[in-house]
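Please look through the sequence and the coordinates below with the contact between the two chains in mind. The paragraphs that follow begin at that contact and then move to the sheet, the single chain and a few individual residues.

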Number of protein chains: 2
Amino acid sequence: MSTPEQQRIDQVVAQAAATARQWAQSSMGTRAALLDGLAEGLENHQAALVSLADEETHLGPARLNGEVARTAFQLRGFAAQARAGVPLACVEDAAIDGAPPKGRPALTRVSEPLGPVAMFSASNFPFAFSVLGGDTASALAAGCPVVVKAHSGHPRLSRAVHEIAQGVIAAQGLPLGLLGLVEGASRAAGVHLVEHPAIAAVAFTGSYQGGSALWRAANERARPIPFFGELGSINPLVALPGILQREGAALATLLAGSITQGCGQFCTSPGVIILLEHPASDRFIEQLACALQPLTTHAMLTEAMRKGFEHGLHNLEQASAARPLLEPHAGGEGPAPRLFEIDALAFINDSALREEVFGPVAVVIKACDVAQANAVLQAIGGTLTATLWGFEQADEPARSLYRTARTIAGRVLFRGVPTGVAVTHAQQHGGPWPASTQPHTTSVGYAALQRFLRPVALQDAPAWALQPYQERSQ
Amino acid sequence: MSTPEQQRIDQVVAQAAATARQWAQSSMGTRAALLDGLAEGLENHQAALVSLADEETHLGPARLNGEVARTAFQLRGFAAQARAGVPLACVEDAAIDGAPPKGRPALTRVSEPLGPVAMFSASNFPFAFSVLGGDTASALAAGCPVVVKAHSGHPRLSRAVHEIAQGVIAAQGLPLGLLGLVEGASRAAGVHLVEHPAIAAVAFTGSYQGGSALWRAANERARPIPFFGELGSINPLVALPGILQREGAALATLLAGSITQGCGQFCTSPGVIILLEHPASDRFIEQLACALQPLTTHAMLTEAMRKGFEHGLHNLEQASAARPLLEPHAGGEGPAPRLFEIDALAFINDSALREEVFGPVAVVIKACDVAQANAVLQAIGGTLTATLWGFEQADEPARSLYRTARTIAGRVLFRGVPTGVAVTHAQQHGGPWPASTQPHTTSVGYAALQRFLRPVALQDAPAWALQPYQERSQ
């Protein structure tokens with residue numbers, strides 16, 4: 001017997017599945033018009049939505065207005081991808097007469113939308129990684145209907161955005177099943193959605209624990225499906241002594257802002273600061289502590305996240321290899337920023353010390369030499385970003401640490417801080433496990449659309465089957 | 001305590017890992033020269049290798065010489081990909097001043113080789129899916145060292161090809177660890193290889209049982225890694241009455257040849273023939289049975305495969321929904337070809353009837369109408385290929401069955417038979433589970449190289465880091 005919650009999920013998935021074939025064959029103009037319409041729908045209700053979001057998330061109107069702008073920009077960006085015919089891109093090999101291996105039939109490599117996508121909203125971006133966020137925009141552009149699992153951290157906002165979206169879909173004469181919404185905070189509800197036979201792929205951004213449970217459910221289906229999950233990232237930053245000597249104070253201020261931005265609740269929050277033994281490194285630690293000390297934060301997104309943060313801090317406070325560098329103060333609505341120093345060898349050898357602590361905290365590690373700094377990066381193993389400060393000159397330490405950073409990260413920055421992820425063609429938001437369950441793919445930027453397409457080679461196809469690809473951008 | 005077999009694996013993986021950084025940074029010219037050299041090495045020893053392969057596999061000199069030609073062609077094809085700079089392809093977004101979402105840093109999306117690849121050889125292509133097959137060629141071109149797990153069906157050939165490859169690698173002054181070879185027929189040996197922390201990805205072609213066990217091992221690692229596995233495919237073929245009326249006899253001969261080719265031991269062997277209720281379909285079944293009846297096959301590749309084939313036949317013979325259409329004859333070294341008819345509804349409802357039987361056998365299904373034929377395809381769910389005969393006109397039955405074929409297959413053919421997979425740019429050899437564990441990727445054709453690369457976005461990178469991409473093809 002299924003529960004009412006499961007019945008509701010089954011119903012929404014069935015509605016999505018009923019639209020899948022039609023949407024897979026929809027014109028690029030239809031997709032673009034829908035995505036543009038959704039962007040406009042958000043903007044038309046921006047003031048009310050931001051007010052609702054602020055009540056539920058405490059993120060503040062400035063940040064939330066910026067996030068609406070980003071989300072609308074992203075919807076229009078994927079509309080432009082559809083209009084440019086990206087989902088209809090193809091590779092053609094003309095037939096060659098004769099025996100193989102040189103002789104061959106005519107082959108045209110095209111893309112097929114995967115089908116209904118289950119999309120799990122994140123708590124920390126109530127617009128950009130939620131109902132009309134990047135996953136939804138890229139899946140719709142690719143030709144896939146979406147079933148959104150609303151995040152329990154902003155349920156009223158999720159319903160309001162979904163209602164606006166339904167209005168846009170209806171006004172354009174499209175089936176409402178294109179964008180479904182299901183609720184239910186339980187793990188079981190999420191697993192039920194992932195296990196539904198009509199769900200063809202999953203997009204997830206959230207915690208390691210929740211995400212890996214859903215990933216396992218996707219793999220344990222009779223027919224496993226692609227699971228695009230972002231499960232966590234500790235985002236190392238390596239700063240060489242030279243730049244710290246020249247710009248230490250300014251960099252400390254910049255970094256302190258990044259560690260505490262959004263109360264540290266960013267996937268790309270810099271969690272591990274790696275320095276080399278040097279007086280400039282010691283001075284930078286003091287500068288960073290000074291810069292962090294007075295900062296206050298807003299309340300955390302949910303009670304569960306506050307508890308998770310406290311649990312992580314408790315582990316650091318109990319660890320003999322970790323030494324607190326800041327006395328937490330009592331000001332601010334949210335938790336005070338924290339900074340610890342961890343012994344390099346202990347960090348390398350003890351995976352518990354490398355766990356992500358989601359919130360306004362970072363750890364500093366002083367490596368005795370470049371080899372040990374490389375070992376620290378290698379121990380991290382998988383991360384969304386790695387930031388390299390002071391790497392302007394291509395000397396051997398810079399080359400060596402850069403090589404290692406590339407092997408563990410999806411984005412390597414040479415300037416600035418990792419928080420803030422531009423929506424562009426070249427963006428890569430994903431990396432080796434646990435940063436992504438599918439490190440070949442990105443969840444931000446226009447390449448995100450490719451997650452929801454699968455290549456199909458058409459062999460000796462008649463003209464009628466190839467026609468959509470010849471009329472590519474209309 | 002590790003066993004001697006495990007110690008040997010650890011040693012070979014360590015040698016591969018020691019070359020990973022150097023090979024990831026190797027020039028495109030170096031990679032191309034190695035791949036060309038390996039092709040030449042195979043050709044220089046072709047007669048001796050074919051003779052050894054025939055002893056171990058019974059595939060016959062004609063087929064094996066063709067397979068060497070294909071393997072050398074493929075190595076040279078990936079050399080050309082390297083020479084064209086494909087692994088250095090990049091996407092550049094120039095910086096835009098101002099606030100996000102429009103303002104952005106400079107981003108360059110490049111590719112990073114994954115690292116040491118564990119490659120599991122297949123039994124049925126002792127050259128093209130073995131030591132120097134497509135997985136090895138594409139991984140080396142991508143910049144990844146390879147550890148080959150030799151197939152126990154052709155151990156002497158595997159050693160001989162590996163020795164030739166080691167000679168080529170040494171002659172070019174490259175590290176021998178670039179291409180390792182491990183043996184050991186046990187499941188435990190394979191799992192040990194997949195679980196090795198220095199292995200970064202797995203390529204597998206083989207049985208569902210073996211492949212899914214290794215896939216689970218890859219997922220159960222502390223840090224799961226990409227697993228590119230081809231686990232099975234039953235390759236449906238739909239023939240509409242019109243074409244059967246016109247060309248039934250010739251098509252029956254063509255299809256019988258495909259079913260029995262290589263004793264039916266092809267991933268792409270057509271296993272399910274779907275027909276619509278029509279006198280032409282009934283006549284075609286007779287024509288196909290007549291064409292199959294006199295054909296003989298060579299011995300199967302291994303004793304285990306012969307037992308697997310007999311087990312699958314036994315299941316079909318016991319199934320009340322299956323009816324034999326051929327009396328097996330006693331001629332030939334290998335098993336006689338077999339043909340069964342299965343009731344459409346039973347096939348749709350009973351997954352046991354849809355299991356791949358590797359060998360010279362096919363089942364015929366007569367669907368009462370197009371909707372039921374679609375349901376048969378949907379029940380198959382994931383397959384490397386789907387073949388559509390008589391789809392020249394874009395009428396509604398053709399459009400509908402074509403749409404369904406696209407949702408389940410990696411390659412859709414409109415002419416000819418699915419056995420024989422051209423190595424081209426547009427080729428796609430992979431499809432929804434179980435045809436591939438990563439249906440976004442292909443194991444044949446030049447896109448196979450992309451499996452072993454992962455995108456990395458370089459943000460505000462200095463000139464020295466971007467230099468290799470600006471000098472792309474040298």
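In this predicted model, the contact between the chains takes 59 residues from chain B and 59 residues from chain A. On the side of chain B that touches chain A, at least two residues each are supplied by the helices α4 (61–83), α14 (396–408) and α15 (463–470) and by the strands β1 (91–93), β2 (107–113), β14 (409–413) and β15 (453–459) of chain B. The element that gives the most to this side is β15(B), with six residues. Sorted by class, the side of chain B that touches chain A holds 28 nonpolar, 16 polar and 15 charged residues.

How do the two copies stand to each other? Two copies of a chain are, in general, related by a rotation about an axis and a shift along it. Here a turn of 180°, with a shift of 0.0 Å along the axis, lays chain B on chain A with an RMSD of 0.0 Å, and that is the relation of a two-fold axis. Of the interface residues of chain B, 100% are also interface residues in chain A, so the copies meet through the same surface.

The two chains also share a sheet. An open sheet of ten strands, with mixed pairing, runs in the order β1(A)-β2(A)-β15(A)-β14(B)-β13(B)-β8(B)-β9(B)-β12(B)-β11(B)-β10(B). Its edge strands are β1 (91–93) of chain A and β10 (322–324) of chain B, each of which pairs on one side only. On average, and with direction ignored, neighbouring strands of this sheet are turned by 25° against each other.

Two of the pairings in this sheet can be followed down to single residues. At the edge that belongs to chain A, β1(A) is joined by three bridges to strand β2 (residues 107–113) of chain A, and the two run antiparallel; in this pairing A:Asp93 has A:Leu107 in β2(A) as its bridge partner. Where the sheet passes from one chain to the other, strand β15 (residues 453–459) of chain A pairs with β14(B) in the parallel sense over three bridges, and the bridge partner of A:Gln459 in β14(B) is B:Leu413.

Taken alone, chain A has a secondary structure of 15 helices and 15 strands. Its C-alpha atoms fill a box of roughly 70 × 60 × 40 Å along the principal axes. A compact globule of 474 residues would have a radius of gyration near 23 Å, and the 24 Å of chain A agrees with that. Buried residues make up 56% of the 474 residues in chain A, and, among its contacts between residues at least 6 apart in sequence, 76% join residues at least 24 apart.

One residue in the interior of chain A can serve as an example. A:Ala165 has its place in helix α6 (residues 155–171) of chain A, and it counts as buried because 24 other C-beta atoms lie within 10 Å, where 20 or more are required. Leaving aside residues up to four places away in sequence, A:Ala165 touches A:Leu38, A:Gly41, A:Val131, A:Leu132 and A:Leu179. A:Thr385, by contrast, is 220 residues away from A:Ala165 in sequence and 33 Å away in space, C-alpha to C-alpha.

Some details of the backbone deserve a look as well. Most residues other than glycine have a negative phi, and most peptide bonds are trans. The peptide bond that joins A:Pro100 and A:Pro101 is cis, with omega about 5°, and A:Pro101 is found in the loop between β1 and β2 of chain A. A further cis peptide bond leads from A:Trp433 to A:Pro434, with omega near 5°; A:Pro434 lies in the loop between β14 (409–413) and β15 of chain A.

A positive phi, of about 65°, occurs at A:His58, although this residue is not a glycine. A:His58 lies in the loop between α3 (46–57) and α4 (61–83) of chain A, and it is partly exposed, with 17 other C-beta atoms within 10 Å. B:Cys263, likewise a residue other than glycine, has a positive phi near 60° and lies in the loop between α9 (241–260) and β9 (272–276) of chain B. With 27 other C-beta atoms within 10 Å, B:Cys263 is buried.

Note on methods
Residues numbered from 1 in each chain as written. Chains lettered and ligands numbered in written order. Predicted model: local features only at pLDDT ≥ 70, side-chain atom pairs only at ≥ 80, totals over all residues. Helix = DSSP H or I, 4+ residues; strand = E, 2+ residues; numbered from the N terminus. Buried ≥ 20, exposed ≤ 12 C-beta atoms within 10 Å, placed from the backbone. Contact = placed C-beta atoms within 7 Å. Least-squares fit on C-alpha atoms with pLDDT ≥ 70 in both. Pairing = 2+ DSSP bridges. Axes fitted to C-alpha atoms, helices over the stretch in contact; angles between N-to-C directions. Nonpolar A, V, L, I, M, F, W, Y, C, P; charged D, E, K, R; others polar. Rg over C-alpha atoms; globule rule 2.2 N^0.38 Å.
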